[in-house]
Amino acid sequence: MRTAPHGIRRVTCIGAGVIGGGWVAHFLARGYDVTAWDPAPDAPEKLRRLVDAAWPALIQLGLAEGASKDRLTLAPTLEAACADAQFVQESAPEKLELKRSLLARLDAATPEGVVIASSTSGYPMTDMQTEAADPSRLLVGHPFNPPYLIPLVEVVGGERTDGAAVEWASRFYEAAGKSVITMDRELPGFIANRLQEALWREALHMVANGEATVKEIDDSITEGPGLRWAFMGPCLTFALAGGEGGMGHMLDHFGPSLKSPWTRLEAPELDRELRDAMVAGCEEAADGRTIADLVAERDQGVIDVLRATGRLPGAAARGSAPQNSGAPRGGNARRDGSARQGDSA
Ligand SMILES: NC(=O)c1ccc[n+]([C@@H]2O[C@H](COP(=O)([O-])OP(=O)(O)OC[C@H]3O[C@@H](n4cnc5c(N)ncnc54)[C@H](O)[C@@H]3O)[C@@H](O)[C@H]2O)c1
């Protein structure tokens, strides 16, 4: 029996390491009853330490009504943890064989219809759902570390997943304060990890060839584009590199340099179709905002991030910049300037 996404009160977390423990902290802070199970003998103490460490930041974010660390139950067995689950989040080690058999066991132990999500960083659900009696309710809900601070969850089903389960999970994560991307197909590394991987490969190439130091690479992001990426993605950011001509001018102007040997990754063919898709995608993402609107939003965003991270000249002296407080930095910029549940103080 599948409860409506907004009606969920009990969540089960299987595997309580870095990610599973982070999910536990998130769901507790959002006011759910959470049952956790992890086979490691020291898992209960480790989990309580993780939740205790996360709690001050979660208080700053704002706890949901009734949220309490006391609403965590540690189950003695997987079967006990799943017996009355309304949603299951699996965060066991990233090993395919383990995931396959664990998901089959979770499917057998969990009430009919209840959705079971895996935190996997990269396995397609098609490859993981092979042993389950009911693969239709198994899907990926890929979080970012730590799940109690980073809003994004990428949701995607496998070939044998029911689309209704994917839809349900997306609505549930939203109700639980997450920012959801629902993918309509399986993609190696999903979306964000694929982008991170490209950056990571280049960083490794540069270090391997002695072209840049680790510090230079990190500074190049935190003192450069990383400031923009906290609130505006790489596509809209590049659209502004085209001035008043936006993405169209940017591609016409800098398109040829895609072929210059900057990157160790193979460049895509920048044909008309790709160009048009990029221009249309940016227009859609701008959602009616003019280039001038976006420039103003970007500039204010950078100032806000600089202020929040104590890098605005004079900010530290005025004592207005919390540093290393564990508080979320920046937040999710929205056009109306409002905060979203669970991702901004
Ligand atoms: N670490 C990250 O940044 C990150 C980010 C997103 C997703 N993930 C994914 O989350 C999952 C967990 O990764 P992690 O970083 O938390 O690993 P981790 O090693 O910190 O935690 C794994 C936990 O699973 C427990 N475990 C071992 N065997 C188990 C079993 N059979 N059933 C249930 N639990 C079992 C371990 O005792 C441990 O506590 C992986 O699929 C990983 O790819 C990790």
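Student: Where does UniProt place the feature "domain: 3-hydroxyacyl-CoA dehydrogenase C-terminal"?

Tutor: The unreviewed UniProt entry puts that feature at residues 189–257. Keep in mind that what we're looking at is a predicted model. In it, the span 189–257 is 68% helix and 0% strand, and its end C-alpha atoms lie 27 Å apart.

Student: Phe-190 falls in there. What makes Phe-190 count as buried?

Tutor: Count the C-beta neighbours inside 10 Å: Phe-190 has 21. The cut-off for buried is 20 or more, so Phe-190 counts as buried. Phe-190 sits in the loop between strand E8 (179–182) and helix H7 (192–208). Its phi is positive, about 55°, although Phe-190 is not a glycine.

Student: Which other residue has a positive phi without being a glycine, and is that residue buried or exposed?

Tutor: Asp-287, with phi near 50°. You'll find Asp-287 in the loop between H12 and H13. Just 8 other C-beta atoms lie within 10 Å of Asp-287. Exposed means 12 or fewer, so Asp-287 is exposed.

Student: Then why is Glu-297 called partly exposed?

Tutor: Glu-297 has 19 other C-beta atoms within 10 Å. Buried needs 20 or more and exposed needs 12 or fewer, so Glu-297, with 19, is partly exposed. Glu-297 belongs to helix H13 (residues 291–308). From Glu-297 to Ala-43 it's 44 Å in space, C-alpha to C-alpha, and 254 residues in sequence.

Student: On to helices. Why are H11 and H12 called roughly antiparallel?

Tutor: Helix H11 (residues 246–254) packs on helix H12 (residues 272–286) at an angle of about 150°, with the axes 8 Å apart. Angles over 145 degrees count as roughly antiparallel, so that's the label for H11 and H12. Their crossing is right-handed.

Student: Which residues meet there?

Tutor: On the H11 side, Gly-246, Met-247, Gly-248 and Leu-251; on the H12 side, Arg-275, Met-278, Val-279 and Cys-282. By class, the contact of H11 with H12 has five nonpolar, two polar and one charged.

Student: And what makes H1 and H2 oblique?

Tutor: The axes of H1 and helix H2 (residues 43–61) cross at roughly 50° and come within 9 Å. Roughly parallel needs under 35 degrees, and roughly perpendicular runs from 65 to 115. An angle of roughly 50° fits neither range, so H1 and H2 are oblique to each other. The crossing of H1 and H2 is right-handed too. Gly-21, Val-24, Ala-25, Leu-28 and Ala-29 of H1 make the contact with Leu-47, Leu-50, Val-51, Ala-54 and Leu-58 of H2. That contact has nine nonpolar residues, one polar and no charged.

Student: Which residues does the UniProt annotation "binding site" cover?

Tutor: The unreviewed entry lists Gly-15, Ala-16, Gly-17, Val-18, Ile-19 and Gly-20. Gly-15 lies in the loop between strand E1 (10–14) and helix H1 (18–29), while Ile-19 is found in H1.

Student: How do you know that Gly-15 and Ile-19 are buried?

Tutor: Same test: 20 or more. Gly-15 has 25 C-beta neighbours inside 10 Å, so it counts as buried. Ile-19 has 24 other C-beta atoms within 10 Å, so Ile-19 is buried. Leaving out residues up to four places away in sequence, Gly-15 touches Gly-20, Asp-38, Glu-90, Ser-91 and Ala-92. On that basis the contacts of Ile-19 include Ser-91, Pro-143 and Asn-145.

Student: What kind of peptide bond joins Asn-145 and Pro-146?

Tutor: A cis one, with omega about -5°. Pro-146 is in the loop between strand E6 (138–143) and strand E7 (152–157).

Key
Residues are numbered from 1 along each chain as its sequence is written. This is a predicted model: local features need pLDDT of at least 70, side-chain atom pairs count only at pLDDT 80 or more; totals for chains, interfaces and linings use all residues. UniProt positions are given in the numbering used here, feature names are shortened, and annotations may be inferred rather than shown by experiment. Helices (H or I, at least four residues) and strands (E, at least two) are DSSP runs, numbered from the N terminus. Two residues are in contact if their C-beta atoms, placed from the backbone, lie within 7 Å. Axes are lines fitted to C-alpha atoms, for helices over the stretch in contact, and angles run from 0 to 180 degrees between N-to-C directions. A crossing is left-handed if the near helix is turned anticlockwise from the far one by less than a right angle, and right-handed if clockwise. Ala, Val, Leu, Ile, Met, Phe, Trp, Tyr, Cys and Pro count as nonpolar, Asp, Glu, Lys and Arg as charged, and the others, Gly among them, as polar.
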